[in-house]
Structure formats: structure tokens, C-alpha cells
Amino acid sequence: MSILYVSPAPRCLPSLRALIAARYGEAGAGPGWGGAHPRICLQPPPASRAPFPPPRLPALEQGPGGLWVWGAAAVAQLLWPAGLGGPGGSQEAVLVQQWVSYADTELIPAACGATLPALGLRSPAQDPQAALGALGKALQPLEEWLRLHTYLAGNAPSLADLAAVTALLLPFRYVLDPSARQIWGSVTRWFSACVQQPEFRAVLGEVVLCSGTRSPCQQSEPPLSKRALCRAPQKRPKAEKKEKRDLGVITYDLPTPPGEKKDVSGPMPDSYSPQYVEAAWYPWWEQQGFFKPEYGRPSVSTPNPRGIFMMCIPPPNVTGSLHLGHALTNAIQDSLTRWHRMRGETTLWNPGCDHAGIATQVVVEKKLWRERGLSRHQLGREAFLQEVWKWKEEHPGAKLSAAVTEAFVRLHEEGVIYRSTRLVNWSCALNSAISDIEVDKKELTGRTLLSVPGYKEKVEFGVLVSFAYKVQDSDSDEEVVVATTRIETMLGDVAVAVHPEDARYQHLKGKRVTHPFVSRSLPIVFDHFVDMEFGTGAVKITPAHDQNDYEVGQRHGLEAISIMDVHGALVNVPPPFLGLPRFEARKAVLAALKERGLFRGVRDNPMVVPLCNRSKDVVEPLLRPQWYVRCGEMAQAASAAVTRGDLRILPEAHQRTWHSWMDNIRDWCISRQLWWGHRIPAYFITVNDSAVPPGEDPDSRYWVSGRSEAEALEKAAAEFGVSPDKISLKQDEDVLDTWFSSGLFPFSILGWPSQSEDLSVFYPGTLLETGHDILFFWVARMVMLGLKLTGKLPFREVYLHAIVRDAHGRKMSKSLGNVIDPLDVIHGVSLQGLHDQLLNSNLDPSEVEKAKEGQKADFPAGIPECGTDALRFGLCAYTSQGRDINLDVNRILGYRHFCNKLWNATKFALRGLGQGFVPSPTSTPAGRGSLVDRWILSRLAEAVRLSSEGFQAYDFPAVTTAQYSFWLYELCDVYLECLKPVLSGSDQEVAECARQTLYTCLDVGLRLLSPFMPFVTEELFQRLPRRSPQAPASLCVTPYPEPAECSWKDPEAEAALELALSISRAVRSLRADYGLTRTRPDCFLEVADEATGAVASAVSGYVQALASAGVVAVLALGAPAPQGCAVALASDRCSIHLQLQGLVDPARELSKLQAKQAEAQRQAQRLQERRSASGYAVKVPLEVQEADEAKVHGGAGLSHMSVPFQLRWCTS
């Protein structure tokens, strides 16, 4: 067995890095080196087994007598599932390797240097401000990269993220306070996302970020300057960033009647503007009928060999403005729908409608109270419903009442729906039962005072009160002590329970205890549910107010005595408790127990308090007659459908949750005591006949359902064998749970129960896409009801997206001020505008100021205008299966800049194509295509392949990354640059071939992007000439590029251009190092063999264009380079020599090198002084000591002090 030796110190960074890598190896396909998972040993290896010299920890022994590997980087690489390769192949492997190297050589030294002064551990010669500046310089590349990427390489944490996160643990714990984290927002968002991964949390636990308060060891240090931390970013950015300035607002002002096509005959504006681009297109799309499923076909029922795609929209939010969670859902769904439509499928994306009972009623009630000072009871039911309908008109939808009534009646007739009195989650503020999804669980660590609606003073929770029950007929005044967190419920106690095997209470079998306040004695029952180790091992039993107690009561035949009414006031109790509100009664009962000498103590008790997420009231378990759905058989059918593969749930990790829920399902309470919603079509029967006894509410025989009152009357008369005139009916005033009507969506929106053309064509549907948080509450119920009522699954696949959180990983909450309206991201909003929205919301006034502070911290300058396309693309780019999304609005702004890049690239391309350009009838390359033409088509083919595979796998980050990379890094950065000399050259045949290739790139590239960015792609597509007069009128109904259509893969061209790009990057790096921004120095390429020389000669012209070089010449094999050159490696087969003679001052460069060398020596001296300082071995964290040790012995830490290779050059 292999053994991983790690330091026993809990915060040793190298060992933590190895342990996290091992966790990923366990969670994935095993360690990257192919062996078994290693055993962890928290100590150095025994001398008898260790190699000499003894290895640094962590160390990995690959089996007895096997190979030894040590050092954090090497060990982590072996333990990580894919090693350096990552999930993206060779290109990603290079990226991972680069970031791992950067973490080891740049981040670790900078992080240690900045943290030690913050801990008060430095020599007098050290400058903490300089150290903090060095950290800022090291963070800058990370910040720039992470503005547009979720992780450092790929769409999930890789070995690169592991190396960088562990390197930055110390700064995030001790240096980067909240103000500094605001500066490095993207780095902070990424760091938080990584340390929340299960594998990181298993090793690191909860990572507590620096709060800004200074520990005692820091008091002698001067305050750390934010200016120092920001000093590094003053390095000049690359000259390419023109579009990142404020682009301003450009509007489309040409008169265009709604539904008419937008006029794009004029010149393109200078830059991209969302308001200009998004104008007029949507009304035209609707007018032309592009979104209708029958578009281009005689009818929806006409057979389509391409297939049918149908998806319904989740329940819309009718309670006010939307948030980014809704935007994410609709961005994904609309992109999928557009992709299926462009593939030629008969496509229907059908919106449903939902009454959102509790949410709507609460919002309207708050609005009434705020504006008119009225409650719904003061207004009355009918007038209140009119107010709700006024509100509802702002969010119109189809009426589904007929389908809801039909479903209820059918299920009630079959006995699937029944009436029963059981414990429910009750909100006293709403006077209604609520579902589990509407209950928030607030965890308390001990005594806590909470605000409860209806109480002026805060109420105490998180304490356990002990009191005594006296044993009846005991000569020794014996007592049984019980404990409870809800002391008021003791008034409803009917028994005391102990464990059957508890020796302390065996003598009390058959005994009873006396209740001190009510005239009843309580039996002592023996039940295995009792935990003998908790408290005294004796438990009070209140069946009417606790689920566990209710079940104990059922087993022992105990009476359930309700002591609270629907408002939370006490009933069925003696004075002075009668009529008291429940939490006032809590105080009264406690005082009475003390007065009678029965109080035995109180102590802190961690607990969970259930809160209604609508009213914020404390949820009370109450016994109430309600309507229930029997779920057992339906759940078995739903579970079996997934097991058979008839229903596919993605990501597959959710299938385990699905089966767990289905296997442990309880009957579903579907009635709600509200005024707004689908009123239950059930009637209580009163028979005006002395021969028929009057009925009681729970008796199901006295309840009848009907599609109308007349039908119900006929059923009732038949049931009791009397004439209809002897029957009186009273309809249940309750309404149905929102999720009942929502569960009918897939077929009710198509006209069920009527048989319609839409129902026969589009049911069952294809896909259900929603957030994973409602897998059970909505998805499972749709499946169960669909199978029960139609005999068919409502859809074949379920894709569950992640949940949107803010940039700090916090849940979106109005009280935090981090809820973002997607329209504010699209159009932009000032900070004051955000504040004004809070004032116009239903937020409690006490929470408004807190929310304002949250807005000020997150959006100090408001939210900039990003546009619809950027928001859609950004949300889809963020979406990774099964993970929460920490959304940073700044990243959305980055995609607006990407839109501007598309705009400028197309504008340049149209100029290059020229006025008279005619595209060839097909995209098949013709003529004498150049190497770079072949290369760009090969890269375009790869983007098409990745997009097709990504859409099919619901891997949206893979699709957006492929498209973003093609447009930005390949088409714009490379191909267009190489094209400039071609289009202005004299070889017209080559230029024409280049133009055809460029057109193909624009045509295919815009079609690829269209599902995510429909507006800007339509705007640009309409300005392109068409291949044929029969081409579709709109991009949204143009065929999506398929891999078979784009079979242009060319490995030879890609390898040649990769050499050109490597050479160009090295040349640009040297030019930047020597400040040669305005000159074009000559470049000489030294190659290792003739084959490399031939390729280098073929791409020399591209190097000139891409690197702004002068002459690019390939040296003969063995020939020396001219003197006065700087040298750098382009690859293992090619090095470059950049001519500097006459362009730079040798003495000045030598002086700079000497200064660098002197600085390296000073750092080494300071390092030695620090290690020899008094208390170093005791005060300095072990991980810092190990990093210092590595630097002293020439490890990764010192490599940043050496003179970079490319700076060494010789003079004549």
C-alpha cells in the first residue's frame, strides 16, 4: 500500500495541498499515477524506510520499497485524478502547468512576505508596505484572468486552483481585510468558491477570512496601506483594451413600426451599444412567427423528421420584480429552445401560469397595509380578491382552473385524495398550513432572542427548561424530571415516555404522574424512541404539537389535546393561561412552575427554529383537518421510471436524492387556509333528514367533490339515498397548494383534460429544466401526477441548474441588499436607484438600512449597463452542473466588452470583404487557401464540435468557452491580424480565398453564438450578404452549424500555427521587457532540425504580423546568431534571438540586471535575518517556516529572485 506522509501541524500549507489533492483522487477516478488511494500518516517516514537525505513533507511512498516522491507540487500532481492534464486535454494541461508554476514561484513568496509583517514577525530592515505591494503585483494576473473565468483552467477546480488557493490561504486569513477583498473582487469570488468545494472543506474546514481587526501581535506594526496593495496594478495594461472604456449609449432612432424589420442599410455605429442593437428585433421576430412551432410547416401535427422539442417554463414569479435566479432559468431555457429550433425541430417553449398562493397573498397584504392601513380581514374576502386580481393583472397568464378541478375530482373519486386530521406546519401569522419548502430552518447555537410577528418584545429560543412531574401515589415524594425547549406545550402533555431498557425507570411501570395545572394524570409509557443519553432520559409527550410525540401517541393510544387555536392563542387550558398568546404563555408557565417549586433549571441548547419564509413567523405544529394526497404508489412509479432509464435526471448525482425522497415519501397535504388560489372543489354535506346523523369534518363520507356544485349535489344525494332537495352543501373555503396546480403544468397548459392537437403533438414533453432546489417540490409532483392522470411521463429528461448566489457566495436576500433585478444589469442602475427600489419594496423598515449598506459595499458605483446578450451569455457561462453560482456583475460587464469585440471584428471584416463581395454558394473551401486560412477553419471546426457536444450534454460553460475563445483569441487576435497584409497585397487569388474564409468564419461564428446572444448576432448577421436568395430571413431560423457541415479539421496547419504563436508570444514578451513598443526589431530563429526550420520559414510572415517584428529569418543549422541579441525559448525545437543592438543602451540594461541581482541578494539576507530572529521557531506558523526552508535551499521560492532567462543577452 502507498503511504502519504504529511506534517502533523494542522496548518502546514504543503501538507494541506497534498491532502486536498488526495481527497480529489478519492472522489474521482483515483490518483493520477494510477495506484491505489494512499494511507495517510501524520508524521515523517521512519528512518529505516526513508531515502537519504530524508524527504521534505509531504512525501509519497508508492508501495513498500517503491518510488519516493516529495514536495507539495510533485505529490499533489500524482494524487490529483488527472494530474496536470485536467479535463480539457493538452491545451488545458499547459494552462494548468503555467498556473501551478506561477503559484509556486510568485504567489507563495509574495504571500509569505506580506503575511509575516502582518503577524508582527519581521526584521527591522523589512518594509511591510513593500511586501504588501509585492502581493498586489502577484495578485494582478489572477484578478485579470478571473474576471472572465470561473476557475484557472476549465470549468471546475484543477491542480492549478489547488496550488493557488493554498498559496493564498495565509493572506486571506491575516492580510486581505474586507476593503482589500473588494479591490480583488474576482480573486475573492474564486477563492471563496474553491474553499467551499467539499474536497477543500473536508481538509480545511471553514476558512475564516480576515476581519480587519488586529491581533495583539500586530499592534506594533503600522497600519497596512491600501495604496500599497493597489500599487502593483499600476503596471500598464496591454494596449489591446480599447473597448474597455465607457462606450456610452447609442440609440436606434429610425422610425420602425412595431413588427417591421429593422433598417440596417446604414453604416454601423462606431461601437456596440445594447440599446441600439436590441431595438426593433423582438417585435419583428414575433410578427414573422419565427417562434411558432408550426413555422415553415403546414401545421404542428405535420411529421418532422428532425423531431419535436417541447419544454414548459417553471412557475413564474407573480409577487413583484424578478431576480437573477429567474434570469438564469430563462437564459438557459431560451438558449436551448433556440438551439433546437435552429436544428430544424418542431419547437415549443410553453409558458404556464401559477397562482403562487402564499407568496401573492403576503405581498398584497403588505401592500394594503402600507398604502391603506387595512388588513385583509378588515377588507373582506371578495374585496381582497379583487385587490389580488389587480396585482395579478401585472403578471397575466392562462386560467388553468378547469384542469385543476378535473384533477382533484378524479383523484378524490379514486381515493387518492382524502380528508384527515394530522399535524401540519402552521403559520399563525398567515392562519394557514404551509409546505416544507416554505419553512426556513434557523440554526441557533444557544440562547437567542428572535423577533416574532405580533410580539413587541423579542422571544427567547435556544434554551432547554427542566421541570418535575410528581409521581402519583408516591410515599417518597418521587418525581420525574423532563426537559423541553417549548415549555408552554406542557399544558398539552398527556404522558411521560422513557426507554424500555432504562434501568432508572423500571420501577415506574404502570405508574402515573400528576399534571400541576390541569386535572389529569399522565401515564408513564415505555417507547424505544426515547434517547436514554439525552437529559434525564424522560420525555414529555404532547401529541397535538410535536410530530415525534404524535407518533408515540398513535402507538400507545394517547389522546391528542390541542392547546392552541389558529392564531396561536391558548385554548383547552385553565386560567390564567387561557387565551394567552403562545409566547406570553411561555413566560406564564415558567413563572408558575417556579412558584410551585417544580422548576429544575435552564441551560443553553443548540436547536433549529422553523420559520415561515413568507411571514417570518415561528412555525407551530398543529392538528388540523386537511386534504391529503396518497403518494406511496405514485412515488414507486416515479422511482421506477428513473431506475429503468425512462426518465433521465442530470446531473446524475441528483438521482440518489430522487430515490431517497421517493422511498421515504409521506402523504402530501394540499390544502391551504388562504383566500387567494384555486378553491378546493369539495363540499361538506348536511342531510336534512332525521334518519341520517350529522357528520363531522374528518369523516370522509360527508365530503363530496364535483366539477360543479350541481354535480356535487347529485353525488351527495346518491351517497345518502335521499332526494337532492334534502342536501345542503358548503364548499370548503381552503385553496389548493400552489404545487398541486404547478404539478399539472406539462399537460394542463396544452388543454387537458380536453383532447387537443397540441396535447397529442407535444405531450409528453422533451425536457424539464429548473433549479435543483425544487426537484422534489415541483419535478417529482409533475412526474407523479403525469403518470397518474395521463399514464405517461411528462418529459424524458430533467436538467437541474445551479442556484445563483452573490459574488461572496451568500444566498440572495433582500435584507442583505444583494438581490439583483436582471433589468438593472441589462439597462444599468445608479446606487441611488438601487436604494430607491428598497424603499418601494415590502422590506421591513428596520432592514432597509442594512440592505443599503450591502448595496453600497457591492455596487458603490451602481450597476453598469451590460445589455441582454452579455447577461444571457454570462449566466450560461457560469452554469456548471450541480454547483452554486457566485455571480459577480463585473464578469457580466466583461461579456459586454466581448460584444464590442464582435462588433468591431465584424465591422473590420465587412470593410475587408468590400462592397461587391459575393459569397460562394457553399462553405466548402475553394481555391488556393493559405496556411492561416486552413488553420482558422480547423479551429472553427473544433468550436462547432465543442458547441454541438456541449449543448447535447447541457455543458453550457464548454459551449460558451469554445465560442468565446474562437472569436476572441483565434479570429480576432490571430486571423484578422494575419489577414491585414493579405487583403492589401497584390495576389488577388489568395485575397479572394481569404475573403471567402473570412465570410465563412463570420457566418458560422454568428450562428454558433445566436442561441446565447440573439440580438447582437441578428444585428450583425443581417449586414452580411447571403449565399443564396433562398436563405432564411432571420438568423434565429437559420440552421445551426453541425460538425458534418464543418469538416475542416487540419492538424498539420494547427501544429504550424502553434509554432508561429509560440514564437510571437516570446518576441512580444522580449519587446515588452525592453520597452520596444514603437520599433520592429529583427528576429532570428534558431531551430533544432530541418523539419522545424521548414515550418518556421513557412510561418515567418505570420510572426511578423502577430509580433510586430522586422525581418524574421531562420538561421541555418549550426549557424550562430548575430551578436547583440536577447534570447528566449519558443519551444523545445526553436529559440529566438531578438536583435537589440542599436535599439537599447547596454550599460543601462546591465545596470538594471545588477539592480535585480542586488535586490535578490537583499531578499536573501532579510530571509536569513528573519530565520535567526528571536522566537522565530515558536511564533512563525510551521507552513511559513517550511516555505522559508525551501527558499534557503534553492527551492521554488528563490526562483523568482533569479534573472529571467530571456533577459540575458550579449553585446559585441
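This is a friendly exchange about how some features of a predicted model get their names.

Reader: What makes up the chain, in helices and strands?

Author: The chain holds 41 helices and 35 strands. Of its 1212 residues, 54% are buried. About 53,200 Å² of the chain is exposed, and carbon and sulfur atoms supply 52% of that area.

Reader: How do you know that contacts in the chain join residues far apart in sequence?

Author: Take the contacts between residues at least 6 apart in sequence: 76% of them join residues at least 24 apart.

Reader: Why is α30 called oblique to α33?

Author: The axes of helix α30 (residues 868-878) and helix α33 (residues 956-983) cross at roughly 125° and come within 7 Å. Angles of 65 to 115 degrees count as roughly perpendicular and those over 145 as roughly antiparallel. The crossing angle of roughly 125° fits neither range, so α30 is oblique to α33.

Reader: Which residues make that contact, and what makes them nonpolar, polar or charged?

Author: On the α30 side they are Phe873, Cys876 and Ala877, while α33 brings Phe956, Pro957, Thr960, Gln963 and Tyr964. Phe, Cys, Ala, Pro and Tyr count as nonpolar, whereas Thr and Gln fall among the polar ones. The contact therefore divides into six nonpolar, two polar and no charged residues.

Reader: What makes β2 and β4 edge strands?

Author: They belong to an open sheet of four strands in the order β2-β1-β3-β4, with mixed pairing. β2 (39-41) and β4 (68-70) each have a single partner strand, so one side of each is left without a neighbour in the sheet. From one strand to the next, the twist averages 20°.

Reader: How do you know that β1 and β3 pair?

Author: At least two bridges are needed for a pair. Strand β1 (residues 3-5) and strand β3 (residues 59-61) are joined by three bridges and run antiparallel, so they count as paired. Tyr5, for example, stands opposite Ala59 in β3. Helix α2 (residues 72-79) packs on this sheet and touches β1, β3 and β4; its direction makes about 120° with that of β4.

Reader: Why is strand β12 described as mostly covered?

Author: A residue is buried when its relative accessible area is under 20%. In β12 (residues 463-471), eight of the nine residues are buried, so "mostly covered" fits the strand.

Reader: Which strands pair with β12?

Author: Strand β18 (residues 599-604) pairs with β12 in the antiparallel sense over five bridges, and Val463 stands opposite Asp604 there. Strand β13 (residues 479-484) is joined to β12 by six bridges, again antiparallel, with Tyr469 opposite Val480. Strand β15 (residues 512-514) has two bridges to β12, also antiparallel. Two bridges meet the cut-off of at least two, so β15 counts as a partner. Val471 has Val513 of β15 as its bridge partner.

Reader: What makes β33 and β34 edge strands?

Author: The order of their open four-stranded sheet is β33-β32-β35-β34, and its pairing is mixed. β33 (1112-1114) and β34 (1125-1131) each pair on one side only. Neighbouring strands here are turned by 25° against each other on average, direction ignored.

Reader: What joins β32 to β35, and which helix packs on the sheet?

Author: Five bridges join strand β32 (residues 1083-1087) to strand β35 (residues 1134-1139), and the two run antiparallel. Phe1084 stands opposite His1137 in β35. Helix α37 (residues 1090-1098) packs on the sheet, touching β32, β33 and β35. Its direction makes about 155° with that of β32. Angles over 145 degrees count as roughly antiparallel, so that word suits α37 and β32.

Notes. Residues are numbered from 1 along each chain as its sequence is written. This is a predicted model: local features need pLDDT of at least 70, side-chain atom pairs count only at pLDDT 80 or more; totals for chains, interfaces and linings use all residues. Side-chain values use heavy atoms; hydrogens and water are left out. Axes are lines fitted to C-alpha atoms, for helices over the stretch in contact, and angles run from 0 to 180 degrees between N-to-C directions. Contact means heavy atoms within 4.5 Å. Buried means under 20% relative accessible area, exposed over 50%, partly exposed in between (1.4 Å probe, protein chains only). Accessible areas come from the Shrake-Rupley method with a 1.4 Å probe; for residues, only the protein chains shown count as cover. Angles under 35 degrees count as roughly parallel, over 145 as roughly antiparallel, 65 to 115 as roughly perpendicular and the rest as oblique.
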